[in-house]
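Visitor: Please take me through one part of this chain at close range. I would like the aromatic rings and what surrounds them.

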Amino acid sequence: MNEGRGLRPRRTARAHGVVLALVAVVGAAVASWPGMASAASRAASGTSAASAASRADSASAVPTGFPASPPAAICDNPAMLTGPATAPRGAVVVKAGKNTGVNWNKPGVTFWFAPGVHTFGTTAAAIVPVSNTSFVGAPGAILDGKGVNTYAFGKFATGVSISYLTIQGFVPTRNTGAVNHETSTGWTVQHNTIQNNQGAGVMVAPSNVVSFNCLRNNGQYGYSAFGKGGNTNITIDHNEISGNNTANWEATLPGCGCSGAGKIWNTIGGTITNNWIHDNVGSGIWVDTNNAGLLIDGNYIDDNDAEGIIYEVSYNGRITNNNLLRNGFVEGRSFAATGSTFPVGAIYIAESGGDSRVAGGLYSTFDISGNSLDGNWGGITVWENPNRFCGSDPQSTFCTLVNPQANLTTCVPGTINNAPYFSDCRWKTQNVAVHDNQVIFSRTDAGCTTTGCGEQALLAGTGSEPSWSPYLGTGVDTAITTTQNNHFADNSYVGDVQFVDFTTNPLSLGAFQAAPFAQDGGSALTPLARGNLLDADTASAEGSAGRWVPWFSATAASSTAQAHGGGHSLQVKLTAPFGWGVQLVNWPGFHAAPGPQTLSFWALNGTSGSGGGGGGVQGATMTADWRNPSGGVLGHDIVSIATLGPQWQQASGRVVAPAGTAFVTVELTGTTGAAGDSVFVDQVFVGTAPTSANQLDVDTADLEGSIGHWVPGASATVTQSTGAAQAGGHSLQVGVSAAAWGVQLGTSTAFPGFAASPGTSAISFWGLKGSSGAAPVGATMTVDWRDSSGSVLQSDSVGITTLNTTWQQGAARVVAPAATAYVTVEFAGLAGASGGAGDSLYLDQVYVGPPVNFLDADTAGLEGSVGAWTPWFSTTIAQSNATAEAGTHSLQVDITAPFGWGVQLSNPPGFAATSGNQVIGFWAQGATALGVTMTVDWRDRGGNVLQSNAVSIANLSSTWQQASASVVAPAATAFANVQFTNSTGGAGDHLYLDEVYVGS
């Protein structure tokens, strides 16, 4: 493996002399993704002919074949990882403990590892199998290298099978692996957990099958595919691959090109399918150097630091039906910080294309289609570096695969200028077809304030080295666009898209589709949906009744008799008993898109003297039908108010529109009331919630408008209160009648709960003591993560040990398990501090959802680098693994002089931020003589400071402490900048900072 040919050394140079053949910049200031109208949904709507004609989108189609959820939730999944509890017939039983005396030289035998930890002394090799042997783990069987053994399985046997084992703690060197260390042929590795090893978890060699494994938290890769003399016919299928490259090799060995979820080298023929690849330090799938005939299909690739898929210096690939979400942010921001505008794509093709002379012509048209790219730093980048050819790098022994005569002796000055070497010495980006993909991006949600993010790109660099290169100048950029048969077509771009010509002048879509570019024919350019998908009249009945019409037993009209917002609401009058309904008539509905959405409406009982069980219209339900481009129903979601009264109430819920969603229709119904009764409805909302990622609705979380869904569980009463509020005007007052008190979500959400999703989540609440009794009062919040049937998968808790008369926050980061579909919440007293009869407390700002930190992960958590932190005065700083509040690293601040010190962010004007209620906070550890203050400057778009807020720890200690505060970022806030200062300490003192938080 020649790491010198890796991507990153070339990437440093490629930002210079770049000639843009195409860059489509996708970006707009919107509330939040991914509740964005899809491109195909703009085709053939029921709006006016003039409006329809203004949209050049009827030819494109939104892909539907990609996985809408992870296809391989393997890690910690007993159904996938539990082996036989008894030894198979004829198997050799390997007892737990030290296995150094076991005779592995038994061809054709199955070895069954008993439950417990298996160790292997001080030898480099743990197990040296012979051909056609099998290794099977019982439940709880762990092979542990203890940081001593180089690898778990190795040497040159063929036909080896390994299954149902946990393999951990081995220390293979960089570019080697713990399993199949010598890359032998015909191995099958299935249903294993391979974790916490140095190097790669598993090596993938000719005719190897790696499937249904959990490959996580390994030092370099989860997997590495490389075979001596060439690799063939590999299968990597249905694995969960996460958290790999814990050693962060790109930082340790800059430019090595040796990191990420996994890498494929020198491999001909294979499939990488149906994997869940997420949260790796580096890229997801990386295909690098003389690979060909690879199918990358059906993978769910999310939240990797660099590109989701890289296909580099290789041939003949097929990248289809993959779902890529939120990839490339660490690398994209790193590029932006250096001033580079090179597009870091979620899918990145570099010096790769189709050639019928390679791999028997399989995939000689390099096909990229049917993929969904949602919320990544970039889109699809197709690139060629003219400085990269056989013989251009003195350290490389690789040459192209198209012609054996094009080699290190012919790709030299003089000869390379002639046919066939001029053509065949260069890895060409050619015969690439990018079509029928969906790309969704929001600059606001990405926090991107520079160019270089959210881009679709077909581009090449200017040839500049070596001096004898026949490719100097700008010839390759012309070829990649006009003569190398590369085409973008029939793609769905969602966002405010612009296209950029060779000199970075903006072009319209029509100009880009015309000469000389002639690209993206049939593609759609659709604005992002902003907030509510329903228009103002339909949502609020201002000016008219919108599109509402009676469905059965009702009339519908705009009314000024009641209004929750504005001056009108929709009045529904019943014409008969036993049920009523009104619906939208704008077939096939309002434009919508797949992904998380919020449904809500406000309503009150309009019948005089009724409500609270006294007659009239007692309940109301809103149903949203998610429809495909043809209007077919894909699924539906509902939110309801069970008992209406004379005051406005809100029903709200977070749901997930299914894959393929293009439109949404809405109806309002009820089953109670009689002729002459009425109900008023207002502020109907379907779309992306503009201010919060909370999976709980506003009333349940903030107690604004109603008591939400909270009901007493045991020994308690609950009421909405204006007596105290952490934010807004209301909180939940809990009256305690006995120590074992509890509060929970009510019947409407107790089963199965609010819609939720797997992954890293924040859970938090604010609490306040409300009574003066002597008994201490504490509170704990318990979150139950549930699957689609409502079964509890996992419970997490966070508590405040002793409440007092000032608001306190309990907060924690947790990981919602795979298969999470819903979440429920309850509160209870803490043992020893649960209160007693007559006590009370207030709860507010209950949050369950993704962490929404304006600061990126490196800056906030110090994982991977020191982020944007720099010394300001009298300090030096460094990333440290000596101590950490969360993760493995923190920011070490060394004070170099007395009388004050400072550390600040160096990314003016700061990270993108928004106005409104925010939380600022940090964790710190240090000597008791030290203090620390965090100051947040809220800035407008011009970088001017609008307001500053600070939070402090007066005296640090040897244990981690947190400081946090709830603040209100002023109107016009666009950025947030942070600094840490104090007047304490002197030369030689130091402290640690971690988990810096500015967000909602």
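Guide: Here is a walk through the ring pairs, followed by the strands and loops that go with them. Keep in mind that the model is predicted.

Start with the whole chain. The protein chain has 13 helices and 74 strands. Of its 1000 residues, 58% are buried. The exposed area is about 34,500 Å², and carbon and sulfur atoms supply 53% of it. Take contacts between residues at least 6 apart in sequence: 74% of them join residues at least 24 apart.

Now the rings. The count comes to 20 aromatic pairs. One of them is Phe329 with Trp377. Their centres are 5.6 Å apart, the planes meet at 80°, and the pair is edge-to-face. Phe329 belongs to helix H5, residues 329-337. Trp377 sits in the loop between strand E32 (372-374) and E33, so this pair ties together parts that are 48 residues apart in sequence. Phe329 and Trp377 are both buried.

A second pair joins Trp710 and Phe827. The ring centres lie 5.5 Å apart with the planes at 55°, so this pair is tilted. Trp710 is in strand E53, residues 710-714. Phe827 is in strand E62, residues 822-828. The two residues are 117 apart, and the pair links distant parts of the chain. Trp710 is buried, as is Phe827.

Rings also form a cluster. Ring pairs link Trp104, Phe111, Phe113, Phe135 and Phe153.

Charged side chains meet rings too. The charged end of Lys263 sits over the ring of Trp286, 3.6 Å from its centre. Arg174 lies over the face of Trp249, and here the distance to the ring centre is 5.2 Å.

Go back to strand E33, which borders the loop of Trp377. Thr381 lies in this strand. Its relative accessibility is 0%, so Thr381 counts as buried. Thr381 touches Phe342, Pro343, Gly345, Ile347, Tyr348, Ile349, Ala457 and Leu459, leaving aside residues up to four places away in sequence. Look at Ala457 in that list. Thr381 and Ala457 are 76 residues apart along the chain, yet their C-alpha atoms are separated by 4.5 Å.

Next comes the loop between strand E33 (380-384) and helix H6 (421-424), where Asn403 lies. Asn403 has 11% relative accessibility, so Asn403 counts as buried. The side chain of Asn403 reaches the backbone nitrogen of Gln405 at 2.9 Å. Asn403 also touches Pro420 and Asp424, again not counting residues up to four places away in sequence.

Finish with three strands. Strand E5 (residues 116-119) pairs with strand E8 (residues 141-144) in the parallel sense, over three bridges. E8 also pairs with strand E11 (residues 166-168), in the parallel sense and over three bridges. Follow Leu143 across them. In E8, Leu143 stands opposite His118. In E11, the bridge partner of Leu143 is Ile167.

Note on methods. Residues numbered from 1 in each chain as written. Predicted model: local features only at pLDDT ≥ 70, side-chain atom pairs only at ≥ 80, totals over all residues. Heavy atoms only, no water. Pairing = 2+ DSSP bridges. Helix = DSSP H or I, 4+ residues; strand = E, 2+ residues; numbered from the N terminus. Buried < 20%, exposed > 50% of the residue type's maximum accessible area, 1.4 Å probe, protein only. Contact = heavy atoms within 4.5 Å. Areas by Shrake-Rupley, 256 points an atom, 1.4 Å probe, with all protein chains shown as cover. Polar contact = N/O pair within 3.5 Å; in protein donor to acceptor, adjacent residues only side chain to side chain. Phe/Tyr/Trp six-rings, centres within 6.5 Å; stacked < 30°, edge-to-face > 60°. Lys NZ or Arg CZ within 6 Å of the ring centre and 35° of its normal.
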